[in-house]
Amino acid sequence: MKKKALIFGITGQDGSYLAEYLIKKNYIVHGVKRRSSSINTGRVDHIYQDPHVSNRTFILHYGDITDSLSVARLVKQIKPHEIYNLAAQSHVQVSFESPEYTANADAIGALRILEAIRFNKLEKKTKFYQAGTSELYGLNEKTPQNEKSFFHPASPYGVAKLYAHWITINYRESYNMFACNGILFNHESPRRGETFVTQKIVQAMCRIKQKKQKTLYLGNLYAKRDWGHARDFVHAMWLIMQRKDPKDFVIATGKQTTVKNFVNLVAKKLKIKLTWKGKGIKEKALDQKGQILVACDKAYFRPLEVNNLLGDSSRARKILNWKPKTSIRELVSEMVDKEMNETIG
Ligand code: NAP
Ligand code: G4F
């Protein structure tokens, strides 16, 4: 019998890679998409199967993580072996603008799924994965961060995810459920949303190369992130769910890069020569003709910044035998190639 997985957040970056991965592993994948006025399935269109096809392995359902009834109905109807909760308002800066919605989706969303498993009496059948985040460490800058490092979230997003983290552990301990957290550090890909810094840099630098844009405006150039590839990270999610006993795992590359260095890596790949000048908000990068290609804009600085993230994933490497396959240079190369191929013409 094929295993059934239910993915909340199927239309997102990770949801699309995870769905591909599970289909290859012979699962039937059910995914939850939100109703939207414009089409939001671009990342999964290539695996879409028409409802009239028999024995479908990829099935989409309407639902919303903020709507308890839809969550409960889907869990009851599908009775999945594995549920992956990847649904979230996932943008840290946006969470300062929409803190209440972020709490509803990112914190209570996890609770809604856990409760649906419990009151449908699926505790023994259904495993639950919660998409946790390195944003939990926030102001705890003691690196590298691992499963034992303390949490000090620094945004409404981080605080909401902290609730989701602990409610997952609470249901595991209270009801003996297989419920676990992946504490994932930043992971990117050509499918990354356009307002996250890596994709924003890639898209703008490609447009600058093609003379379609003059300047890229950024916020804090000195934030340090541990950036991996989403494809490698969804593999870790699946491994976490295959264990006999539920456990929480940090997933990270263990290598750190600043935002500024990410700009340099993209510029290098595109053969754009940058010269950095100035300090603070006045810092900028010029091309050989003295044109400003990169500048800072205070609109992109956050009320509170997470400066220093670097993960120690030795537990995952030891117990799950997981390690990242993609280097940051390969990640940049793949993102730039995809963008250039799509926009050339
Ligand atoms: P993403 O691209 O922003 O995808 C988020 C997904 O959640 C989308 O499918 C989105 O639907 C869906 N969603 C948002 N609100 C929803 C709601 N109310 N009901 C149902 N679905 C909703 O995020 P991602 O990068 O794939 O990340 C996946 C998960 O991992 C998120 O929970 C994120 O917080 C967490 N995480 C990400 C990273 C990272 O570096 N990528 C690191 C650590 C943790 P629409 O397409 O309709 O917007
Ligand atoms: O790409 P970012 O917006 O990602 P951030 O805030 O690290 O959050 C991402 O990773 C988390 C895991 O640690 C996830 F939980 C979360 O869902 C999301 O996927 O920003 C990265 C860094 C920040 O320090 C930000 O201040 O880049 C800095 N930055 C500088 N200029 C900018 C910009 N970020 C954005 N989005 N846009 C800018 O113009």
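**Entry 1, the strand pair.** I looked up how E8 is joined to strand E15 (residues 292-296) in this predicted model, and I found 3 bridges between the two strands, which run parallel. For Leu218 I noted Cys296 as the bridge partner in E15.

**Entry 2, the sheet.** I then followed the pairing outward and wrote down an open sheet of 4 strands in the order E8-E15-E14-E13, with mixed pairing. Strand E8 (216-218) and strand E13 (275-277) stand at the edges with a single partner strand each, so one side of each has no neighbour in the sheet. On average, neighbouring strands here are turned by 20° against each other when direction is ignored.

**Entry 3, helices on the sheet.** I checked what packs on the sheet and found helix H6 (residues 197-209) touching E8 and E15, with its direction at about 160° to that of E8. Helix H8 (residues 259-269) lies across E8, E13 and E15, and I noted that it runs at about 155° to E13.

**Entry 4, the ligand.** I turned to ligand 1 and listed 25 residues surrounding it, the closest being Thr11, Arg34, Ser90, Tyr101 and Tyr157. By type, I recorded the shell as 9 nonpolar, 11 polar and 5 charged residues.

**Entry 5, polar contacts of the ligand.** I found an oxygen atom of ligand 1 at 3.0 Å from a polar backbone atom of Gln13, and a backbone N or O atom of Ala88 at 3.2 Å from an oxygen atom of ligand 1. In the side chain of Lys161, an N or O atom is 2.8 Å from an oxygen atom of the ligand. Ligand 1 taken alone exposes 890 Å², of which the protein buries 90%.

Key. Residues numbered from 1 in each chain as written. Chains lettered and ligands numbered in written order. Predicted model: local features only at pLDDT ≥ 70, side-chain atom pairs only at ≥ 80, totals over all residues. Heavy atoms only, no water. Near = heavy atom within 4 Å. Polar contact = N/O pair within 3.5 Å; in protein donor to acceptor, adjacent residues only side chain to side chain. Areas by Shrake-Rupley, 256 points an atom, 1.4 Å probe, with all protein chains shown as cover. Nonpolar A, V, L, I, M, F, W, Y, C, P; charged D, E, K, R; others polar. Pairing = 2+ DSSP bridges. Axes fitted to C-alpha atoms, helices over the stretch in contact; angles between N-to-C directions. Contact = heavy atoms within 4.5 Å.
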